[in-house]
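Colleague: Got a minute to go through this model with me? I'd like to start with the charged side chains.

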Amino acid sequence: MIVAISAMGFYSNSVSSKAIKKELSEINVTKATAINRAQVNLLRLRLILGRYADIDVADQNSEATTALLQHARDAASEAQRRYDEFEAVQLPEGDSRATYVAAIASAYDTVMNSMLIPYLSSMNPQEFKQQQAQIVEASSKFDAAVLDFIRFVEARGTELIAADARSSRDAEVASIVLLILSLLATLLVRRAMMQTVVTPLQGGSHAFPASCQGRPDRTDRG
């Protein structure tokens with residue numbers, strides 16, 4: 001029974017620790033960090049492209065403008081790299097976070113692949129200005145999808161930690177109950193041994209001297 005107590009505590013702590021590590025660290029934190037960095041670089045890309053669209057036509061071939069375009073390409077590359085990191089962390093089948101991930105994927109595809117990347121290829125300032133309102137709207141939808149995901153995983157993390165705390169308390173109570181039962185079992189076994197083994201032996205040991213005293217002495221025989 002003592003082994004059962006130890007095993008229960010070990011199993012409970014092991015399962016809880018693995019669940020917390022995988023969901024909070026390997027999935028939630030990794031995904032949240034990656035998508036936040038993708039979001040930052042996407043915003044950086046938009047701002048750079050907006051600055052380029054405001055440059056005079058005469059200055060579009062200047063050294064400073066060339067450097068600006070390189071910064072835009074770097075931001076786009078980094079945003080995509082971070083988004084790929086976000087997508088690389090797989091969720092279990094039927095996971096409740098899948099809906100939020102799908103919303104992010106759809107919003108990202110719209111703003112990045114349907115709007116910013118084509119403009120980055122053409123670099124037509126007039127085209128960017130014409131689509132700026134749509135770009136802002138699509139970016140807002142992406143930001144909202146990211147925020148919904150972050151809020152959900154934070155709430156889920158809090159719920160998981162609370163559930164682990166409850167599980168640990170339940171394991172502690174069960175361990176105490178088992179310990180008490182183990183002590184009771186030990187007392188019952190001891191009592192049974194006293195009644196079936198020790199007490200009869202003690203009775204036999206008291207009778208033995210009396211029988212010896214009543215035995216005739218062989219030396220008195222003629």
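Modeller: Sure, one term up front: buried means under 20% relative accessible area, exposed over 50%, and partly exposed in between (1.4 Å probe, protein chains only). This is a predicted model, where local features need pLDDT of at least 70, side-chain atom pairs count only at pLDDT 80 or more, and totals for chains, interfaces and linings use all residues. Residues are numbered from 1 along each chain as its sequence is written, and side-chain values use heavy atoms, with hydrogens and water left out.

Colleague: OK, how many salt bridges does the structure hold?

Modeller: There are 6, counting a side-chain nitrogen of Lys or Arg within 4 Å of a carboxyl oxygen of Asp or Glu. Glu78 and Arg81 form one of them, at 2.8 Å, N to O.

Colleague: Is Arg81 buried or exposed?

Modeller: In between: Arg81 is partly exposed, at 39% relative accessibility. Arg81 also pairs with Glu85 at 3.1 Å, and a salt-bridge network links Glu78, Arg81, Arg82 and Glu85.

Colleague: How far apart in helix 2 are Glu78 and Arg81?

Modeller: They sit 3 residues apart, about one helical turn; helices here are DSSP runs (H or I, at least four residues), numbered from the N terminus.

Colleague: Switching topic, what about Lys31?

Modeller: Lys31 lies in helix 1, residues 2–53. Lys31 is buried but has no salt bridge, and the nearest side chain of opposite charge, Glu87, is 5.7 Å away. Lys and Arg count as positive there, Asp and Glu as negative, with His and the chain ends not counted.

Terms used. Helices (H or I, at least four residues) and strands (E, at least two) are DSSP runs, numbered from the N terminus.
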